[in-house]
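Got your viewer open? Let's take a short walk through this model, one selection at a time.

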Amino acid sequence: MVSRFFRLPLLLLTLLGMSLSVTAFAAPGLEVSAVRLGQHETKTRFVMELNAAPTFDVFLLADPYRIVIDLPELTWRAGDTSLHRKGVVRNFRWGLFKKGTSRVVLDVTGPVKILQTAVLPPSSGMPWRFFMDIQETDNTAFRNTVDAQRRGGEATQVALVAPPPPSLVRKYTVVIDAGHGGIDPGAIGQSGVYEKKITLAVARKIRDILAKDKKYNVLMTRDDDTFLSLRERVTFGRSAKADLFISVHADSISRPSFRGAAVYTLSENASDDEAAELAKEENKSDLIAGVDLSAQDDTVQGILIDLAQRETKNFSVKFAEMLTPEIARSGMTVRGKSHRFAGFRVLKAPDVPSVLVELGYLSNREDERILKSADGQQKLAEAIARAVDKYFKTVDP
Ligand code: ZN
């Protein structure tokens, strides 16, 4: 791990941009070649070496404390950075946040303030560098900054697709949601495979099967390696007026002997500890990507959800009950006899029947083999498509 710290005289920080938003430079084919953290008296310095001057946008997030740096889409050549840890920075990660935007998220130990950000031009053999100096502060100052940012109108919404055009024949809209993506890899398998890859591969196969049937209008929340917040996924399903929303995942657990698929529906009270734990893991997706959760007004939502959700819930359960035996028929082990439930945020559309399917455990060698193979993925996709057919034959939402 590289964690050298270049002690530069402060004077050298002849800042090309001190404001939080610098847009003076376009950066085609931007690349990060190295990153490092250093502790310098009371401040922690974060440095990225780049091949060109980046545009950037820096903001703070609370609960937990994070610093987010949004940059143009870039190529990362700085290697694995997960082990960095210095000063107030506990950890940091990077990835594609959405098309055109790469994001670096720094987890910090407590409330912090950003003393300065700067971009330095190449000099004495060093390439372009992005600097950020961070210092501890008190919670009030931190919250004030976060509030000020919000008033400034931080916008990180992804455009949503329009609902399908009306047609004479009743078409059912099915939304397939490939879990995770972009900056959020999801679970990591025995062999190092990312959950986000498996979920996308299976989601595409489900779409391809269902799309052959004219009565389905099939949409995917994502069809590439892009991050979507849990709320964006829910909103996508609702704007599309989906008749069914299927979120596809593949779990991981510390016990490698654990295996099998499971189907989940939403409930405030989890069916068992394992389901509760899993929901907690899946709900972390937004934290991993640096989504501002505190800005979401869940109180009003809560009331609306309660009214509409009772009926929707019955449909979700009906589909879950049809899906579980179909998965068993595909050859994948199913954990337990029936479906389970917990507080998955991605299932919270009050008016769209929604289920989350964990296809198996990436931490189990045999499950992982199935999940990675085209044949295994196809069989699981067919099982899900069969359940969709059965569901719409018995109910007309
Ligand atoms: Zn997942």
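The tour below goes from the whole chain to a metal site and then to a pair of helices.

**Stop 1: the whole chain.** Keep in mind that this model is predicted. Show the cartoon and you'll find eight helices and 16 strands. Now colour by burial: of the 397 residues, 50% are buried. Switch on the surface, and you're viewing about 18,100 Å² of accessible area, with 54% of that belonging to carbon and sulfur atoms. The chain also brings far-off pieces together: among contacts between residues at least 6 apart in sequence, 77% join residues at least 24 apart.

**Stop 2: the zinc ion.** Select the zinc ion next. Which residues coordinate the zinc ion? They are H180 through NE2, E195 through OE, H249 through ND1, and E282, which is listed with OE twice, at 2.0 to 2.4 Å. Along the chain, these donors follow the spacing H-x14-E-x53-H-x32-E. Pick out the two histidines: H180 lies in the loop between β11 (172-178) and α2 (195-211), while H249 is in strand β13 (residues 244-251), 69 residues apart. Are they buried or exposed? H180 has a relative accessible area of 5%, so it is buried. H249 is also at 5%, so it counts as buried too.

**Stop 3: two helices.** Finally, select α7 (residues 365-372) and α8 (residues 374-394). These helices pack at an angle of about 80 degrees, with axes 4 Å apart, so α7 is roughly perpendicular to α8. Show side chains where they touch: I370, L371 and K372 from α7 meet A374, G376, Q377 and L380 from α8. By class, that contact has four nonpolar, two polar and one charged residues.

Key:
Residues are numbered from 1 along each chain as its sequence is written. This is a predicted model: local features need pLDDT of at least 70, side-chain atom pairs count only at pLDDT 80 or more; totals for chains, interfaces and linings use all residues. Side-chain values use heavy atoms; hydrogens and water are left out. Donors are N, O and S atoms within 2.8 Å of the metal (3.2 Å for Na, K and Ca); water is not among the atoms, so sites may look incomplete. Buried means under 20% relative accessible area, exposed over 50%, partly exposed in between (1.4 Å probe, protein chains only). Axes are lines fitted to C-alpha atoms, for helices over the stretch in contact, and angles run from 0 to 180 degrees between N-to-C directions. Angles under 35 degrees count as roughly parallel, over 145 as roughly antiparallel, 65 to 115 as roughly perpendicular and the rest as oblique. Contact means heavy atoms within 4.5 Å. Ala, Val, Leu, Ile, Met, Phe, Trp, Tyr, Cys and Pro count as nonpolar, Asp, Glu, Lys and Arg as charged, and the others, Gly among them, as polar. Accessible areas come from the Shrake-Rupley method with a 1.4 Å probe; for residues, only the protein chains shown count as cover.
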